[in-house]
Amino acid sequence: MEERTESWDITPQLDELRAQGLWRELRPLDEVNGVTVRAEGREWINFSSNDYLGLAQSAEMKDALAEGISRYGGGSGASRLVCGTHRVHAALEEALADFKRTEAALTFSSGFAVALGTIPALVGPTDTIILDKLCHASLVDAARLSGATIRVFPHNHLEKLERLLQTAKGRVLVVTESIFSMDGDAAPLREIAELKARYGAWLLVDEAHGVGVLGPQGRGLAAALGVDQQVDLHLGTLSKAFGLSGGYLAASRQVIDLLINRARSFIYSTAPPVHLAHAMGVILELIRNERGDALRSLLRGGVEQTQSVLSEIGIASPPAPSAILPVILGEASHAMAISARLREAGFLIPCIRYPTVARGSARLRITLCAVHSAPQIHALGSALRETLGTQG
Ligand SMILES: *Cc1c(COP(=O)(O)O)cnc(C)c1O
């Protein structure tokens, strides 16, 4: 047995983070107005938000929230199973199920909570979860929490996925993202859906970066590829393109019934405020209609402009119609320095480092929103050219 540590000292842990260039800190913004933000007495153009359609600060959002607050007030008072389920929650879930073309849907307080609740409710120690190597932390943590055997395949590697499917024990759940959050590339969902069907596995697709952005009505990448009916578990967040907060799981009625009974992050957490569910219902309707189409088309235009700006300075973009454009730089300290220089120049572009991405693949992560203007993107191009061109 190890000796008990006599006293706590976390200074070495903090020092080590600093020494490795992995130190992170919170930087409060004073004011957010679309993609323009103010802090520390100056203004920046924000290229780091996942508010892809620019809805978070929109008049529609503010009106929907104000209406929701005046009708329903603040917190919901209890968990959904106690007295926290309002008709408005149920209406939102019906609308989400209709949108995702599933029998039912369930909302959670965040996308992270969806994963943590869903995966352990469905699989356990005698089962197997097969994950793409680049899956989001919430999916990895949920898989660990389930106690199932975890198998990982190299990013988007179909042959390796098939080999893992051949030897997997128990019930088998394949987990992937549709658009990968730090790489902006797409999973080969059609092929993955074929494989999972051949081996009788289930498929969970995390559309955090696809829903609202891609596919007919913004239904996501699986719908864009015509394979949404082959996806068993549709996971999504309401915090990114939807511009608000929360997450959902859309699936069969049976799965949703099981989650209501077994998903601990759903059962033991207070229901999201009713005014949020009200606003989300209004925004979902908007995302599905012509206004959503118009925003998606603006976003696509901005992404294409940014891709061409990047390619002019020799940076290839992922071959996917996503709004995430990574610039992979390598060492964390180098990427940090570039990010800091862009900050000086008036652009908020985060440096993504280990442990979010593999060591040695630190990067800038540029994200586009429908409300970025052509001059703003042009200015970003000039700043990148200058910063990267003089990196020595
Ligand atoms: C952001 C994100 C989540 C978590 O969603 P939240 O609503 O922010 O908790 C889950 N999966 C992926 C891939 C994400 O990028």
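The legends below accompany close-up views of a predicted model.

**View 1. The ligand and the residues around it.** Of the 14 residues that surround the ligand, those that come nearest are Asp206, His209, Thr237, Ser239 and Lys240. Sorted by class, this shell is made up of nine polar, three charged and two nonpolar residues.

**View 2. Polar contacts to the ligand.** A nitrogen atom of the ligand has a polar side-chain atom of Asp206 at 2.6 Å, while an oxygen atom of the ligand lies 2.7 Å from a polar side-chain atom of Ser239. The backbone takes part as well, since a polar backbone atom of Gly111 is found 2.8 Å from an oxygen atom of the ligand. The ligand taken alone would expose 380 Å², and the protein buries 86% of that area.

**View 3. The open sheet S11-S14-S13.** Three strands, in the order S11-S14-S13, form an open sheet in which the pairing is antiparallel. Strand S11 and strand S13 (residues 351-352) stand at the edges with a single partner strand each, so one side of each is left without a neighbour in the sheet. In general, the strands of a sheet pair through backbone hydrogen bonds, in either a parallel or an antiparallel arrangement.

**View 4. Strand pairing around Leu364.** Strand S11 (residues 324-330) is mostly covered, with six of its seven residues buried, and six bridges join S11 to the antiparallel strand S14 (residues 362-367). Along this pairing, Val327 of S11 stands opposite Leu364 in S14. The pairing of S13 with S14 is likewise antiparallel and runs over two bridges, and here Cys351 has Leu364 of S14 as its bridge partner.

**View 5. His372 in the loop between S14 and H15.** His372 is placed in the loop that lies between S14 and H15. With a relative accessible area of 7%, His372 falls under the 20% cut-off and is therefore counted as buried. The C-alpha atoms of His372 and Gly34 are separated by 8.4 Å, although the two residues are 338 residues apart along the chain.

**View 6. Helix H15 and its buried residues.** Helix H15 (residues 374-389) has 16 residues and reaches 22 Å from its first C-alpha to its last, which is close to the 22 Å expected at 1.5 Å a residue. Buried residues of H15 are Gln376, Ile377, Leu380, Gly381, Ala383, Leu384, Thr387 and Leu388. An α-helix has 3.6 residues a turn, so residues three or four places apart point the same way. Pairs such as Gln376 and Leu380, or Leu384 and Leu388, can be located among these buried positions.

How values were computed. Residues are numbered from 1 along each chain as its sequence is written. This is a predicted model: local features need pLDDT of at least 70, side-chain atom pairs count only at pLDDT 80 or more; totals for chains, interfaces and linings use all residues. Side-chain values use heavy atoms; hydrogens and water are left out. Helices (H or I, at least four residues) and strands (E, at least two) are DSSP runs, numbered from the N terminus. The expected span of a helix is 1.5 Å times one less than its number of residues. Buried means under 20% relative accessible area, exposed over 50%, partly exposed in between (1.4 Å probe, protein chains only). A residue is near a molecule or strand if one of its heavy atoms lies within 4 Å of it. A polar contact is a pair of N or O atoms within 3.5 Å; within protein, one must be able to donate a hydrogen and the other to accept it, and residues adjacent in sequence count only if both atoms are side-chain atoms. Accessible areas come from the Shrake-Rupley method with a 1.4 Å probe; for residues, only the protein chains shown count as cover. Ala, Val, Leu, Ile, Met, Phe, Trp, Tyr, Cys and Pro count as nonpolar, Asp, Glu, Lys and Arg as charged, and the others, Gly among them, as polar. Two strands pair if DSSP finds at least two bridges between them.
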